[in-house]
Amino acid sequence: MRIKRPRTKKPNPRVVAATNVIQLIVGAFVMAVSFNLFLVPNAIASGGVSGISILVERAAGLEPAITQWAINIPLFAVGLWLLGRRFALKTAFGTVILPLFILLTSDWQSPTDNPLLAAIYGGIGVGLGLGLVFRGKGSTGGLDLAAQILHKYTGLKLGLAMACFDGCVIVATGILVSPEVALYALLALFITSKTIDIVQTGFAVSKVAFIISDYTEELTEAILHDLDRGLTRLDGHGGYTGDGRTVLMVVLGQTEVTKLKQLVQSVDPGAFVIISDTAEVLGQGFKLP
């Protein structure tokens, strides 16, 4: 008997494109507002071209948006030449619209002059905006482009290249502004990275369990019917004995971990169980792709 798999409805390409554009616009706006309300008034230059623009504004009084255009547009041209047209489509929009929003919201008043609060909320806001931009399959350009170019032509890891550029900006903040503000900038950069992760993967952290037992059939029945979770049977071999073993892999929510451990304990107290976090799970019973 042939089992029919459920058909998944393909998303409308126009709807997907429109959703991506909306996320790009909203993300760039949130970044611009957070930048002007929290980071600029407190000179918290937490890396990137935006951080450079804060330092230039501090030293020369030049509008940050102007500095960002002056750096981003040449970088975009170089990236287009070295990285290709496919890259250009992902960055052109963000390269132009983010400085525009920064210019339009430059007169908005900051709600706090406390640098710690500014670092925290500025980091959250910028991370939220960047996360939305990334979800919309876009980029804001800037030193990301320089890092990609450096990665392509030197082999330096992309993450390390970005860390080097951001580190240089934060060191410059310590020299031109003060070491204390540089520490706030480092805090803001850390919060931004964590916020991006949350936007990308969500708050819910699922668990994945690997179970090795001599009672795989009984455990399979208990997990399928008592826990009401699917599982995957993997073929494994003991490293010392070389004997074949069946490994059960179960993906479950945080609230189901205790029940799983109780089920395993009741069936086989001697089972070997590994339970670890998994950032994101897509598919039936979890988040849709």
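User: How far apart do the end C-alpha atoms of residues 116-134 lie?
Analyst: This is a predicted model, where local features need pLDDT of at least 70, side-chain atom pairs count only at pLDDT 80 or more, and totals for chains, interfaces and linings use all residues. Residues are numbered from 1 along each chain as its sequence is written, and side-chain values use heavy atoms, without hydrogens and water. The span 116-134 is 100% helix and 0% strand, helices (H or I, at least four residues) and strands (E, at least two) being DSSP runs numbered from the N terminus. The distance between its end C-alpha atoms is 27 Å.

User: Over residues 21-45, what percentage of the chain is helix?
Analyst: Across these residues the end C-alpha atoms are 28 Å apart, and the strand content is 0%. The helix content over this span is 76%.

User: Which residue in the loop between H1 and helix H2 (48-60) is buried at 2% relative accessibility?
Analyst: The loop between H1 and H2 holds an alanine whose phi is near 55°, a positive value in a residue other than glycine. Its relative accessibility of 2% falls in the buried class (under 20%, with exposed over 50% and partly exposed in between, for a 1.4 Å probe and protein chains only). The residue that counts as buried at 2% is Ala43.

User: Is Asp228 buried or exposed?
Analyst: Asp228 has a positive phi of about 60° although it is not a glycine, and its place is in the loop between helix H9 (216-227) and E2. With a relative accessible area of 61%, the side of the classification on which Asp228 falls is exposed.

User: Why is the pair of Phe29 and Phe101 edge-to-face?
Analyst: Rings of Phe, Tyr and Trp (its six-membered ring) pair if their centres lie within 6.5 Å, with planes under 30 degrees apart counted as stacked, over 60 as edge-to-face and the rest as tilted; by this rule the model has 3 aromatic pairs. In one of them, the centres of Phe29 and Phe101 are 5.5 Å apart. The pair is edge-to-face because the planes stand at 85°.

User: How many residues apart in sequence are the parts that the pair of Phe29 and Phe101 ties together?
Analyst: Phe29, partly exposed at 33% relative accessibility, and Phe101, buried with a relative accessible area of 14%, belong to separate helices. Because Phe29 lies in helix H1 (residues 13-39) and Phe101 in helix H4, the pair ties together parts whose separation in residues is 72.

User: Which residue completes the aromatic cluster with Phe29 and Phe101?
Analyst: Phe29 also takes part in a pair with a tryptophan, with centres 6.1 Å apart and planes at 80°, so this pair is edge-to-face. That pair links distant parts of the chain, since the tryptophan is in the loop between H4 and helix H5 (115-135), 79 residues from Phe29. The tryptophan is partly exposed, with a relative accessible area of 43%, and the cluster with Phe29 and Phe101 is completed by Trp108.

User: Which residue in E3 stands opposite Phe210?
Analyst: Two strands pair if DSSP finds at least two bridges between them, and 6 bridges join strand E1 (residues 206-212) to strand E3 (residues 244-252), running antiparallel. The residue of E3 opposite Phe210 is Met249.

User: In the hairpin of E2 and E3, which residue takes a positive phi near 80°?
Analyst: Strand E2 (residues 232-237) runs antiparallel to E3, with 6 bridges joining them, and Leu234 stands opposite Val247 in E3. The hairpin has 6 residues between the strands, and the residue with the positive phi is Gly242.
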